[in-house]
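Dear colleague,

Please find the structure below, handed over for your records. My notes on what was found in it follow directly after.

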Amino acid sequence: MASQTLAAPERAIENVNVKPATRAVTNPGQRGAQRRKLFKGLRSIIAILLALVWVFPVYWMISSSLLPTAVLESGTPRFFPWGGSLDNYEAVFEMGTFWPALRMSLTVTIIAVAACLLFAFLAALAISRYHFKGRTSFVLAVLFIQMLPAEGLFIAQYKMLASLNLINNALGLAGLYTASVIPFTVWMLRGFVAGVPADLEESAMVDGCTRTQAFFRITFPLLAPGLVASGVYAFLQAWNEFTVALVIMQSEEARTLPLWLRAFVQASASRATDWGQVMAASTLVAVPVIIFFLLVQGRMTSGLVAGAVKG
Amino acid sequence: MSSIAAPPLAQKKRKFHIAPYMLILPAIIVLLAALAYPVGWQIITSFQEYGLKQQFGQPPEWVGGANYVKIFTDPQIWAVILRSIAFCLVNAALTVIIGVALAVLMNSIVKGARLVLQVGLLLAWAMPVVAAMTVWLWLFNWYSGVINWVLGPAFANHNWLEDPISFYAVATIIVVWMSVPFVAFSVYAGLTQVSGEVLEAAQLDGANGWQRFTQIILPLIRPVLMIVLLLQIIWDLRVFTQIQMLQDAGADYNSTDLLGTFIYRTGAGSANYGMAAAMSVFVLVLTIVLSAPYVRSLLKEDNNG
């Protein structure tokens, strides 16, 4: 693997088609260096402008959440929340529907995260510590299952839960979430477990620990970061999920936060929407997610494309 | 690592181990109950007439492949499939092109600017889909959205969601905005592995920026690029929340449905489960076929990671 990446650049250089004329022009002199510096500066400015484009919707959500609807709908946007207040947030909190939705989201998410972490951790132990018959098939199944789209399953899942009387039930939805998050979590934890050498455990056993003791004293503490990262990943998935929840949680009392937020804007074709409150609600849903996301982002990216980046 | 860690235990005791099976059992039970059972139900139902009548107790009727024949002959369903494929390809291509451009940009600017760009992308990436959708609906709002205001009086009270083409344009902007950060960061991670010395040498030899990009950088980041493109295609094919919420805001369902929303409406809306199941099986098969190369690349990591 390493030899491949080392060999490639040389091959690539040979392929570069060098014209004698261009060689003469780019004679690295002081003017060239200055021009390069100028271009670097220009590119940096473009990058900052692009950053503003990407961040603008997030900024706009927070800024609008602080302004009264009268200002928001006056026809002239106010780009900075001068004279803002937390009134919209207060209105959202006082609305009867926010707290039940929050409670539902928390219930579903906590069940899903706990179940997923436990089951995925056990499975990750199995595939990284044992060579057993069927291991490859299990890994293969896990990898394919994580690609299955909710959109190709939700009707059947709805029918299944309906026959079990689990529609509008936190346990039913949490079960579906657990299953959909387990595959990627197993895959992520597998890397962490494999990173703790089995030798460590064995030397502890030589020193007189039982296997269980060795595991809980040596391996488990080393796995904590992996468990946290996987837990946060599962949290984000369950907290943000919309598609399956839309099908399963049909009654108003059973709404999770994303469904509640959607119901809020549904009337936006008419003038009935109070955008200040909608933005306050969105901010409330988004802020915990953004914080958690920033914690695990690096691991998630490398987990998804690890095979490709490492070559 | 795994190849070092796993064998010692296995080599010592060649006898049959029950432990690993006990360890994977809970995960397997959950996956079977929540995913395998529905898939099985779906395959069976896709060969049945299962509609409102069956909801009220009539046994479903076997219709052979009639539902599948309908997928490939009904012009309305064909339109949905073609639109989905077109939407998916356009979005995946745009996302990857813009993502690569941003990654290359990130790699060639001063540190401060790079940090600003990365923070901007991260914040957009971290937004929950539904929250992001409410903001975009507000931005594109017809009577007091910022976008109409910026575009001037000609666009006063312009409704972007009425016309299917502009509906998809709005959806594309949103999906690309959401997906670019992942591509940009993944490709940037690949780019940082391209050695600066090689690029400098090529530059001294007179290769211009474009030549350096196409002949040195591109071949080196090809594996990441292929994976990222594949993931985008798979993800954009199943786009649901964005389309559903744009439709909520006042668009005609029939002319804007993509696969996800169409299945939702066929199954949950019209209770035509036989047809919805056949469409779902179609989507699942398509996904599995598309996923194969991705899974292969992950397995490669499992073997030598």
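How many residues of chain A are in contact with chain B, and how many residues of chain B are in contact with chain A? In this predicted model, 118 residues of chain A are in contact with 120 residues of chain B. The two chains bury about 10,800 Å² between them, and carbon and sulfur atoms give 74% of that area. On the side of chain A, the residues that lose the most area to chain B are Trp54(A), Met147(A) and Ile155(A), which together make up 7% of what that side buries.

Turning to polar interactions, the count between chain A and chain B is one salt bridge. Its partners are Arg262(A) and Asp248(B), with the closest N and O atoms 2.6 Å apart. Across the interface, 13 residue pairs are in polar contact, both residues being at pLDDT 80 or more. Helix α14 of chain A (residues 275-309) supplies the largest share of the side of chain A that touches chain B, namely 19 residues. Sorted by class, that side of chain A has 74 nonpolar, 27 polar and 17 charged residues.

One charged residue merits separate mention. Lys159(A) lies in helix α8 of chain A (residues 154-163). Lys159(A) is buried but has no salt bridge, and the nearest side chain of opposite charge, that of Glu49(B), is 13 Å away. The side chain of Lys159(A) does, however, make a polar contact of 3.5 Å with the side chain of Tyr50(B). Apart from neighbours within four places in sequence, Lys159(A) is in contact with Trp41(B), Tyr50(B), Gln55(B) and Tyr273(B).

Two threonines of chain B were also examined. Thr241(B) belongs to helix α13 of chain B (residues 241-248). Thr241(B) counts as buried because its relative accessibility is 8%, under the cut-off of 20%. Setting aside neighbours within four places in sequence, Thr241(B) is in contact with Phe242(A) and Thr243(A), as well as with Val129(B) and Val130(B).

The second, Thr266(B), is located in helix α15 of chain B (residues 259-269). With a relative accessible area of 9%, Thr266(B) is therefore buried as well. Not counting residues up to four places away in sequence, Thr266(B) touches Ala271(B), Asn272(B), Met275(B) and Ala276(B). Between Thr266(B) and Ala277(B), eleven residues apart in sequence, the C-alpha to C-alpha distance is 9.3 Å.

With kind regards

Definitions and conventions
Residues are numbered from 1 along each chain as its sequence is written. Chains are lettered from A and ligands numbered from 1 in the order in which they are written. This is a predicted model: local features need pLDDT of at least 70, side-chain atom pairs count only at pLDDT 80 or more; totals for chains, interfaces and linings use all residues. Side-chain values use heavy atoms; hydrogens and water are left out. Contact means heavy atoms within 4.5 Å. Buried area is the accessible area (1.4 Å probe) that two parts lose on being put together, summed over both. A salt bridge is a side-chain nitrogen of Lys or Arg within 4 Å of a carboxyl oxygen of Asp or Glu. A polar contact is a pair of N or O atoms within 3.5 Å; within protein, one must be able to donate a hydrogen and the other to accept it, and residues adjacent in sequence count only if both atoms are side-chain atoms. Helices (H or I, at least four residues) and strands (E, at least two) are DSSP runs, numbered from the N terminus. Ala, Val, Leu, Ile, Met, Phe, Trp, Tyr, Cys and Pro count as nonpolar, Asp, Glu, Lys and Arg as charged, and the others, Gly among them, as polar. Buried means under 20% relative accessible area, exposed over 50%, partly exposed in between (1.4 Å probe, protein chains only). Lys and Arg count as positive and Asp and Glu as negative; His and the chain ends are not counted.
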